[in-house]
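Thanks for coming. I will walk through one structure this morning, starting in the middle of the sheet and working outwards.

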Amino acid sequence: MHYRMEWRSFALTLLLNFSLAACGSDENTPTDQGISGPPGTGGNNTAGNAGNNNSSLGGSNAQGGETSAGQGGTSAGQGGTSAGQGGTSAGQGGTSAGQGGTSAGQGGTSAGQGGTSAGQGGTSAGQGGTSAGQGGTSAGQGGTGPMSCEPGRHLGDQSDDEEGFYQIKVNYVLPSDGIDEELDLNGKIEDSVKAWSQWFVAQTGGIAFRLDTCDGNLDIRFVRLSRTEAELKAKGVFIRDAIEEEMGQMGLLSSTKLESVYYGGDAAETCGSAAWPPALIGRVGAVYLKGTFSNPSIPPCASNPLGNVEQPTYFDFSMLHEIVHLLGFAPSCAPHHVLSGHVSDSPNDLMYAGSLPWNPTTLDVGNDDYFGANIPGCPDLSTSVFLSPLPANAQLPPGW
Ligand SMILES: [Zn+2]
């Protein structure tokens, strides 16, 4: 894959001839971390002909990065945002408190719950094993106020199963004129998140990313941006910043959440990018489902299918890769760190960047760079405050 460097002047060079030697290491000026270039038309990472993609990926990302200025504005907006969101969750607080106990076992039952805010009690009758517990709760709730978890599309944030914990929120984001494929409703995004989150758990031996859920179901938010697909694409490598900026202006950012964005529009020369603290503090990591490349030999991002629970595929790994960037990894102090947040020691590493085809199979190959590396003074993903269970001595992303 991928990766943009901060030197705009390198862009063309890298497009043609990306190499580790050329790209150096340890640069730590603000930069977005990008993924570009699907690994091949087959749409899965192991399916070959990814050969040249890394080069192109590297090249395509080899741009810009001076995004930190715009980001200050974003975070300013964040304060206001969380205030607004607080209001919501406060209203829902009573509900979620009562529901807390049952949510663990609820699984897919919230579908049945939804829409029934007036008559929560009645709904829960049909909920099977968990309904007993819930019945009691909802009786107390009567017709008062908002349901905490409803089926269907959500433009805001429903109540959080793990309120007060740092967590990752998933979003389906469209430009103003983007075609709504209902990926938040048809299970595609949910399946993708399941794929990468379950893969992560398998890699860590049981440690998960804490996801924003409501009654045990992924709480996906739908966001319709004000700018058109063309306007956003014209932002080039700063499309991520533009998305984050708009989400901030809409009051959708929270001080305790990172935003996993599935963007259903075109992007220039990339299939994904993220902030990388402390060099670039940001909330949004995105995959660009319809990203395209000027080099006709690089397949469009959309050649990769979305949503395959059994085994993560390109977009699933890409989303996870961007989230790991968002948390500040790989850190520049990692022994194999290269290219602003990547590692060089194996193309099988989730965070690899380099001249070989990216074929992710492993979280931190050798556990020597960013997960379980335990390098004194160097941040380690295993202690991130975004993990569940919460690690002892949990750490915020660097620079937060
Ligand atoms: Zn990357």
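**Strands, a core and a helix pair**

In strand 9, A286 has S273 standing opposite. Before going further, please keep in mind that this is a predicted model. S273 and A286 belong to a pairing of strand 8 (272-276) with strand 9, which run antiparallel and are joined by four bridges. The two strands form a hairpin, with three residues between them.

Let me step back to the whole chain for a moment. The protein chain holds 11 helices and 12 strands. It has 400 residues, and 52% of them are buried. Take the contacts between residues at least 6 apart in sequence: 74% of these join residues at least 24 apart.

Now back to strand 9, which covers 280-288. How many of its nine residues are buried? Nine of the nine are, and the strand counts as mostly covered. Besides its hairpin partner, strand 9 pairs with strand 7, and here the two run parallel, with five bridges between them. Two positions show the register. E259 stands opposite V284 in strand 9, and S260 stands opposite G285 in strand 9.

Strand 7 itself runs 257-263. Seven of its seven residues are buried. Both faces are covered: one side carries K257, E259, V261 and Y263, the other carries L258, S260 and Y262, and all of them are buried. Note that the buried list includes K257 and E259.

Strand 7 also pairs with strand 2, in the parallel sense, over seven bridges. One position to look at is V170, which stands opposite S260 in strand 7. We have already met S260 opposite G285 in strand 9.

Next, the core. The largest nonpolar core has 70 residues, and the members that touch the most others are I243, Y262, Y263, V287 and I323. Which elements give two or more residues to this core? They are strand 2 (167-174), helix 8 (188-204), helix 10 (239-249), strand 7, strand 8, strand 9 and helix 11. Helix 11 provides the largest share, eight residues.

I323 is a good place to see how this is put together. Setting aside neighbours within four places in sequence, I323 is in contact with I168, F209, L258, S260 and G285. Two of those names, S260 and G285, are the pair that stand opposite each other in strands 7 and 9.

On to the helices. Helix 8 has 17 residues and reaches 24 Å from its first C-alpha to its last, close to the 24 Å expected at 1.5 Å a residue. Its buried residues are K188, I189, S192, V193, A195, W196, S197 and F200. To read that list, recall that an α-helix has 3.6 residues a turn, so residues three or four places apart point the same way. What covers these buried residues includes strand 2, strand 3 (208-209), strand 5 (217-218), strand 7 and helix 11. After helix 8 comes G205, whose phi is positive, near 75°.

How do helix 8 and helix 11 pack? They meet at an angle of about 60°, with their axes 9 Å apart. The crossing is right-handed. From helix 8, S192, A195, W196 and F200 take part, and they meet F315, D316, F317, M319 and L320 in helix 11.

Last, some backbone details, going along the chain from helix 11. Helix 11 covers 314-326, and A330 sits in the loop between it and strand 10 (337-338). The peptide bond from F329 to A330 is cis, with omega near -10°.

S340 lies in the loop between strand 10 and strand 11 (342-343). S340 is not glycine, yet its phi is positive, near 55°. Is S340 buried or exposed? It counts as buried, because 29 C-beta neighbours lie inside 10 Å, and the cut-off for buried is 20 or more.

D364 is in the loop between strand 11 and strand 12. Its phi is near 50°, again a positive value in a residue other than glycine. D364 is buried too, with 27 other C-beta atoms within 10 Å.

Finally, S388 and P389 are joined by a cis peptide bond, with omega about 0°. P389 belongs to the segment after strand 12 (387-388).

That is the tour. I will take questions now.

How values were computed
Residues numbered from 1 in each chain as written. Predicted model: local features only at pLDDT ≥ 70, side-chain atom pairs only at ≥ 80, totals over all residues. Buried ≥ 20, exposed ≤ 12 C-beta atoms within 10 Å, placed from the backbone. Core = buried A, V, L, I, M, F, W, Y, C linked by C-beta atoms within 7 Å. Contact = placed C-beta atoms within 7 Å. Pairing = 2+ DSSP bridges. Expected span 1.5 Å × (residues − 1). Axes fitted to C-alpha atoms, helices over the stretch in contact; angles between N-to-C directions. Left-handed = near helix turned anticlockwise from the far one by under 90°.
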